[in-house]
Amino acid sequence: MLSLSEVSEAAADSEQGDGRPEMASIAEWAPQQDLIDDPLGFGTLGHSSSTRVVPKCLKEDLLCFQDLPAVQPVGDRVPEVRDQQDVPNAVAIRTNTVQNTLIVPEADLLGLNPPSLGSYVVSSGSSLTPSLPGTRSSESVSPSLRSRILRSPKRSRRPVQQKPESGPIPRSSDATNGRFSKIRQKKEDCYRTIPCTPLSPLGPGGILHLSQRDVIARHSLAQRAHEFTSNTDVRFFVGSWNVNGRSPPENLKAWLSCDPRPPDVYCIGFQEVDLSKEAFLFQESFREKEWLTAISSGLHPLATYGRVRLVRLVGMMLLVFIRKDLQTKVTNTMFDSVGTGLMGRMGNKGGVGVHFMLHDTAVCVVNAHLAAHMDDVDRRNQDFHDVTARMAFQPADPDNPPVSISESDVTLWLGDLNYRIQGLPIDEVKSLVNQKMFSQLLHHDQLTIQRRSGAVFSDFKEGNITFPPTYKYTPGSSSWDNSDKGRMPAWCDRVLWRGDNILLLAYRSHMNLTTSDHKPVSASLLVTVRVVNPKKYKAVYSDVIRQLDQMENRFLPAITLSCQEFAFPAVRFRCLYGQELRVTNSGQVPCVFVFLPSADGTSYAPPWLRMEPSAAYLDCGETKSVHLEVYINQDVVRAFGEDLDRTEELKNQKKETILVLHLRDGKDYFVMVTVEYEPSCFGTSLERLCHTALPISEACRRNVKRTISSGDNHPAISIPKELWLLVDHLHQHALEQEDLFQQPGMNKQLLSIQEALDSTIPDVLTGENHSIAESLLIFLESLPQPVVPLAFYRPCLEAAGQYINSQKVVAEFPACHRATLLYLVAFLRELLKHSDQNGLNPKLLASLFGPLLLRPHVQPKNHKPQVQDKELVMAFLLPFLQ
């Protein structure tokens, strides 16, 4: 193993000669194994309890009423302004019955109906009395917190509308402009103008977006859905196939048209459609079109289909087709993709999903490809939870909140889940398969075991497996794999579902398709979906609104909190910490609580804190647990590192924030969260690490002051000792490791490596090569100031592709940054000498390490670098590797 002094000398020597760094002498080592319109339209609608006064002569026109001009109330009608945040266009007017007028609630006339839906008439004489607007109050704040409450954002008020100078409501003289058009329609057509609400589950995003009145109305309507909905059955074909990067066979009808009766909806998922480096790095794939053509030709010949959506991430591809006669019943189609590969981001593993409304039923389809290999059960479980937590479907209207997987009535999950058969020798497994003793084998199936333990898919269902394992076969045949690796047969390819009123018709594999080393699977499902009866809905809706009016007039919401001050001591990098906040509805009316954004309006919490749920509906007496999670990831730790670098001593950092929990139409509550972060070498600057001889944890305990010159008690070293340990381990043990820097490590091992680097600086790191490699990437990504200093980002891009100019720019780096870059480049060049074994190439390494070594100065949330910048970053690094 090279000493740190030898590394420093090697880095210094490398700057002589031709300027290309070379790795110092290396001992021998051995390789180791191991991303239609809403038919009910409630999601974007708001309620108001204000009213408008409309002359009785216009009663018949209200069915086609549009753009009602403002009217000032007269007589004893007193205008009251409500909170605009809760009630859009809110002007509440308390009225009595007045002769020759018709009282129409503004919410029912305008607030709930988009212009395309029109409005409907409420019987004359009805009125709404507004509840008091929500106010901020510190009555429930503890004395220690009272003096530290942050001023919340001011709420805007809508001014009272002005009274027309004289005369009746203005009417346009042009009868063709449509403002007061009289359209005679059939009686049943009028019901189409009634605002409706989808009855699918409402998540925190939807609760945040809607007013309290809307949420309660939606909840009440969902409870009474049986009064205005009917059911219809829809046949789904759900299929999955890992095609191993092969071209499609000539005919897919044996798989896609295996049922005598044509399905109504096709949900078809593929994995490993394209295994090329171009698909992995640049999302470019020529096989996508090949498979799309083959699928379109293989759909059932007794029906005609239209494509709902195609979504692909690297090799994962999901397609949804529906019968032409049902296309108008599909609305609000959304999609998303989540990569869970290397560093939790790469798209070689993860999931793609499509979310849509079918009639009034929300359907979510997810195609997943989880971590491979027999022993990586925990990683597969983690991939499942990552896809579930991170997949968010963004509606077409950016003002509407994202929709999660859980916000659906029907969830169909398919794909190569990679769960294997464990605890049996391969010969016994094959013998049991030949005897068709599948039930006995399923006792050793990892997915079955994990589902029973509640680790994954706990609320999903799967059909009885009566077909042979779908993996692994010799491509081009139905014979078991006879390669040197000799993979054990397994049911890697699965179809599961979640939801009520779903009947499994068939669950099978298709052995006659031999293109891949996997066999495709399919499930035929009969799904019962809801259909709204507009006439019945009108009656229920009117009744719900009347009840809400009475409720608002009589009661105000109230809640109690289990605690208002939370402390998280000893928080460490990439470790998850959680506590529970219990919110109880102590009032006499259902209520909605939400966490309000901070003063800048960007988020309701700092990036290291997450609340789940961030908004919720509470019935009277109901208690909801809000899970507070503290997690310091690579992006967050950089900010902590910048703050730490400004201090003279190494010590724990204390951060605090005040959360504003707002009760709709009620007061605000304040919750303080304090964290104490223990610094790690991950997230600490190169300068500080090079001038700190002790492990970072020990240095913090001693409050070691920073040293800035080699003449101090602890002379500076050229590169951080932690970085050297990671690179040296890979240099000794992983130069010939297959798929190095392309396969993720185990989370437990990553944390163990972090603990070792922070506390002891061991002679030897423990963990698989993939875990050490990912730790190195995380270390580089976490640096507050990247290896290429921020000030040199643009000069490096300008010198990209010009090796001499790039050398001149690097020569101007601070000493520790220059030495670190040259050391890493030397290591990467050593890796490339073994490219035949590890499968690496300069372009791949440049695409992986480039964005970690060169980072722009400002990276806002969800920042996506320009394609040109990506290419320049690679062009800068490539000459150093060749």
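1. Let's start with how H17 packs on H19 in this predicted model. Helix H17 covers residues 721–733 and helix H19 covers residues 769–782; their axes lie 10 Å apart and meet at an angle of about 145°. The crossing of H17 past H19 is left-handed.

2. It is worth looking at who makes that contact. From H17 come Glu722, Leu723, Leu726, Val727, His729, Leu730 and His733, while H19 supplies Asn769, Ile772, Ala773, Ser775, Leu776, Phe779 and Leu780. By character, the residues of this contact split into nine nonpolar, four polar and one charged. When you scan the two lists, keep in mind that residues three or four places apart point the same way, because an α-helix has 3.6 residues a turn.

3. Next, have a look at helix H22, residues 815–832. Its 18 residues span 26 Å from the first C-alpha to the last, close to the 26 Å expected at 1.5 Å a residue. H22 is also largely enclosed by the rest of the structure, because 17 of its 18 residues are buried.

4. Finally, a residue in a strand: Thr584 sits in S20, which runs over residues 577–585. Is Thr584 buried or exposed? Neither label quite fits: its relative accessibility is 23%, and buried means under 20% while exposed means over 50%, so Thr584 counts as partly exposed.

5. The neighbours of Thr584 are worth a click too. Leaving aside residues up to four places away in sequence, Thr584 touches Ala558, Ile559, Thr560, Leu618, Gly621, Glu622 and Thr623. For one of these, Thr560, the C-alpha atom is 5.3 Å from that of Thr584, although the two residues are 24 residues apart along the chain.

Methods
Residues numbered from 1 in each chain as written. Predicted model: local features only at pLDDT ≥ 70, side-chain atom pairs only at ≥ 80, totals over all residues. Heavy atoms only, no water. Axes fitted to C-alpha atoms, helices over the stretch in contact; angles between N-to-C directions. Helix = DSSP H or I, 4+ residues; strand = E, 2+ residues; numbered from the N terminus. Left-handed = near helix turned anticlockwise from the far one by under 90°. Contact = heavy atoms within 4.5 Å. Nonpolar A, V, L, I, M, F, W, Y, C, P; charged D, E, K, R; others polar. Expected span 1.5 Å × (residues − 1). Buried < 20%, exposed > 50% of the residue type's maximum accessible area, 1.4 Å probe, protein only.
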